[in-house]
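Thanks for coming. I will go through a few local features of one structure, and then stop.

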Amino acid sequence: MTEKETVQLQDTLEEKFPGAITRDERQGYEGYIVETAKLVEIAKSLRDDMGYDYLSSVTGVDYLPDDKMEVVYHLYRSAGGPALTLKVQTPRDDSVVPSLVSIYPGADFQEREAWDLLGIRFEGHPDLRRILLWDGFHGHPLRKDWQEPFFEAEGKPFKSRWPQGEIRRIEDTHPFGKNVHYPSEFTPEGWVPEGEAALYSSLGKIDHGNGNNKQGLETDQIVVNLGPQHPSTHGVFRMVVTLDGEEIVGLKPVMGYLHRNHEKIGERNTYLMNMPFTDRLDYLCSMSNNFGYALAVEKLMGIKPPERAEYIRVIMAELTRVVNHIWAIGFLLNDLGAFFTPMLYVINERELILDIFEAVSGSRMMCNYFRFGGVARDIPEDALETIKILVNERLPRKVDELDLYLTGNEIVQTRAIGVGVLTKQQALANSAAGPVLRASGVPYDVRRADPYSIYDRFDFDVVVRYNGDVYDRYLVRLEEIRQSLRILKQAVESIPAGEIQTGKPQYQVRVPAGEAYGRVEAPKGELGFYVVSNGKPNPWRYHVRAPSFINLTPLEEMSIGQKIADVVAILGSIDIVLGETDR
Amino acid sequence: MYGIGLIKGLGVTIKHFLETYVDDLRWLGRGRYYNEDALKIRQSTEARGVFTVQYPEEKLSVPEEFRYIPFLVYEENPDGTREDRCTSCGICSKVCPPQCIWIVRSNDPETGRPIPAPTEFYIDIDICMNCGLCAEYCPFDAIKMDHVYELASYERSSAHIYNKERLSKPASYYAEIRPKNYAREEAARAEKEALKAAKKKKE
Ligand code: SF4
Ligand code: SF4
């Protein structure tokens with residue numbers, strides 16, 4: 001936003017809501033602090049009158065020293081441009097904030113997450129249950145005064161490791177030490193999971209009058225659990241569906257089976273230590289994860305990587321996109337029943353790209369390659385040559401082959417066209433991102449809408465399709481591979497020689513106090529990292545806006561009215577990775 | 001016509017199927033499998049036909065930067081004694097994300113000053129996430145990432161805590177698995193020494 005626009009916006013906001021909105025004046029902070037009671041009204045006005053139609057992320061922050069909870073909203077215009085950050089504050093011991101689900105349905109899961117992990121209640125939320133943790137969990141772990149089992153210290157590095165490192169294995173110490181909290185009257189045998197009951201009741205029953213279904217036959221609705229151990233769910237993910245015959249009338253996703261509280265770990269870690277942990281979010285796209293996190297921390301530090309490093313970053317991120325999309329297409333075909341043949345054809349090509357990652361970073365999937373202000377090491381000359389051959393010769397050929405193989409296939413078409421439709425309005429409202437959003441007719445790509453790194457230098461098209469069904473999501477991915485190859489061709493031709501790191505590599509970076517939101521167009525959609533620093537070696541708050549998680553918000557809307565077999569295809573077309581969904 | 005797309009698609013599978021035989025023919029007489037030269041090409045950008053590797057008879061070679069479980073580098077003196085490069089400065093244990101490096105530094109009993117060598121050095125490899133940060137930030141090039149990846153064992157609780165003895169490997173091994181890195185570091189070291197010597201001379 002230019003300075004002028006900011007002033008203008010502020011004037012309009014202040015005019016409309018006198019006294020309810022103030023600029024966030026804290027050092028290193030931006031955006032506006034909004035009066036809690038006025039939040040919904042302001043959000044509505046921003047959405048309807050000022051074009052902020054896309055709620056990207058909702059983040060809770062525990063400001064323990066100030067005895068306050070803060071909820072941070074990042075709003076964007078789907079037409080492009082930078083963020084508008086809104087914040088509301090509420091006391092810690094009774095944290096209540098009005099829910100924004102009525103304005104932005106995309107806040108649904110994110111508010112549930114903030115409730116689950118931070119204990120902020122969202123008034124007016126239609127279904128405020130825990131989302132990542134199990135029902136019996138006691139407490140809200142992202143609160144700063146909550147301590148995990150095996151708690152050692154507030155932040156790493158731990159003192160016990162050096163200079164007197166008497167090793168002990170964690171299992172040999174007290175396995176459930178004093179940090180396991182449960183209510184005093186709790187008995188494991190007598191415990192009934194309330195959440196399950198709430199979950200099933202939230203599904204509701206659709207009554208067509210006297211218990212009959214649409215056709216007038218007397219039927220019962222049944223509830224089917226797909227997953228968590230189900231081959232179609234791409235990991236441990238569960239969909240509870242209510243069926244009327246074969247038709248879906250209700251669906252609730254249940255997740256968290258792979259939850260490890262990535263964010264709590266991240267807040268114990270130092271800034272650099274988080275880099276390899278980000279690899280494990282969307283473990284298929286570690287390079288993109290590194291990218292987003294590096295951007296956020298670099299924003300806080302106020303540094304920029306040198307030219308060559310920028311090129312290397314773009315090359316790696318785009319190769320990752322190719323890897324992800326061919327994988328997603330392969331798995332979608334698995335979900336449609338083409339058992340593994342298309343999958344294995346594309347995995348061949350993926351292997352060749354992973355070989356490059358291995359040569360560059362030392363690991364095929366857990367790359368841990370980006371550093372603040374650069375990358376870990378230079379790209380070897382022969383790896384660069386291999387990339388050239390791949391992007392100029394082999395991969396375009398293979399993509400064409402994939403296109404010929406699948407796009408015209410009538411079975412694929414019948415299974416995918418018109419299935420799982422998400423309209424443009426639904427996609428925007430539900431904060432869908434990436435190929436899911438673009439297949440619904442919204443040409444929104446962070447690389448274009450809010451360019452980062454050096455993406456403004458490359459020629460490429462934002463792929464967009466308009467039907468919003470499974471087939472269009474497939475087509476968007478296919479075409480995005482081609483566009484990535486286009487970027488790669490330009491990047492490998494123009495990569496300059498030179499340094500790959502700004503300043504000296506440091507293991508303890510100095511991060512000034514403040515907040516930053518770094519976001520990239522990861523293959524699965526907008527991946528954002530919200531980092532708050534208080535000047536100490538460990539981040540005060542570290543939040544991940546995970547596209548795999550938020551893209552599931554419209555899953556129910558997409559599935560209702562479809563057949564049970566189609567839900568598998570619909571889930572496949574969203575392309576989730578549970579490492580990122582559950583964090 | 002309905003079905004054209006299907007037939008075209010099946011054409012692609014048939015092409016893939018036939019290619020496996022064509023590629024067999026290419027290696028006729030020389031052997032497509034259990035042959036280092038063939039393996040290289042089978043895994044390159046020219047790969048055609050069957051892509052899989054007959055592990056464990058065939059093994060992919062790993063690139064120089066490949067990283068798996070760190071090891072400690074020691075120099076071999078001409079008289080056969082070992083000299084640890086590690087000075088027990090503790091940087092690696094501070095940078096390690098899962099905090100799985102444990103170092104015991106000892107003090108000189110007379111002066112009470114720290115001795116620049118570790119008495120013990122442990123890595124819990126069950127916890128090590130193979131991130132390579134320790135190797136990257138060690139100022140003495142004393143800890144490096146290994147290439148050995150076949151580490152399965154029957155006994156987890158004791159066998160997976162590597163002590164200094166188990167972790168130590170000679171510099172010659174390091175030079176062998178990471179020739180480029182080794183050469184670069186040695187060159188840098190030589191340059192530094194030369195600079196020092198030149199400075200001394202001036203004085
Ligand atoms: S291995 Fe390197 S970083 Fe670790 S204690 Fe020894 S000298 Fe220091
Ligand atoms: S590789 Fe990473 S996790 Fe393993 S010991 Fe080194 S720093 Fe720790």
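Helices and strands here are DSSP runs, with at least four residues for a helix and at least two for a strand, and they are numbered from the N terminus. With that numbering, P157(A) sits in the loop between strand 7 (121-123) and helix 4 (194-203) of chain A. Please keep in mind that this is a predicted model.

I start with that loop for its peptide bonds. K156(A) and P157(A) are joined by a cis peptide bond, with omega at about -5 degrees. W162(A) and P163(A) are also linked by a cis peptide bond, and there omega is about 5 degrees. P163(A) is again in the loop between strand 7 and helix 4 of chain A. As background, most peptide bonds are trans, and most residues other than glycine have a negative phi. On the phi side, S431(A) is not a glycine, yet its phi is positive, about 60 degrees. S431(A) belongs to the loop between helix 12 (424-429) and helix 13 (435-438) of chain A.

Next, helix packing. At what angle do helix 7 and helix 8 of chain A pack? The angle between helix 7 (residues 286-301) and helix 8 (residues 307-336) is about 140 degrees, and their axes are 8 Å apart. Angles over 145 degrees would count as roughly antiparallel, so this pair in chain A is classed as oblique. From helix 7, the contact involves M287(A), S288(A), F291(A), A294(A) and E298(A), which meet R313(A), M316(A), A317(A) and T320(A) of helix 8. By class, the residues of this contact are five nonpolar, two polar and two charged.

Helix 8 comes up again with the cavities. The count is five cavities of 30 Å³ or more, and the largest holds about 120 Å³ of space. It is lined by 13 residues, of which V346(A), E349(A), K398(A), V399(A) and L402(A) are the closest to its centre. Helix 8, helix 9 (341-361) and helix 10 (381-406) of chain A each give two or more residues to this lining. Helix 10 gives the most, with six. The lining as a whole has 10 nonpolar, no polar and three charged residues.

Last, the ligands. Which residues are closest to ligand 1? They are C86(B), C89(B), G90(B), C92(B) and C138(B), out of 13 that surround ligand 1. That shell divides into 10 nonpolar, three polar and no charged residues. Around ligand 2 there are also 13 residues, and C96(B), C128(B), C131(B), G132(B) and C134(B) come nearest. The ligand 2 shell has 11 nonpolar, two polar and no charged residues.

That is what I have.

Technical notes. Residues are numbered from 1 along each chain as its sequence is written. Chains are lettered from A and ligands numbered from 1 in the order in which they are written. This is a predicted model: local features need pLDDT of at least 70, side-chain atom pairs count only at pLDDT 80 or more; totals for chains, interfaces and linings use all residues. Side-chain values use heavy atoms; hydrogens and water are left out. Axes are lines fitted to C-alpha atoms, for helices over the stretch in contact, and angles run from 0 to 180 degrees between N-to-C directions. Angles under 35 degrees count as roughly parallel, over 145 as roughly antiparallel, 65 to 115 as roughly perpendicular and the rest as oblique. Contact means heavy atoms within 4.5 Å. Ala, Val, Leu, Ile, Met, Phe, Trp, Tyr, Cys and Pro count as nonpolar, Asp, Glu, Lys and Arg as charged, and the others, Gly among them, as polar. A residue is near a molecule or strand if one of its heavy atoms lies within 4 Å of it. On a 1 Å grid over the protein atoms alone, a cavity is a set of points where a 1.4 Å probe fits but cannot get out, and a pocket is an open set with protein on both sides within 12 Å along at least five of seven lines; lining residues have an atom within 4 Å of a point. Grid points are joined across faces, edges and corners, and a volume is the space filled by probe spheres set on the points.
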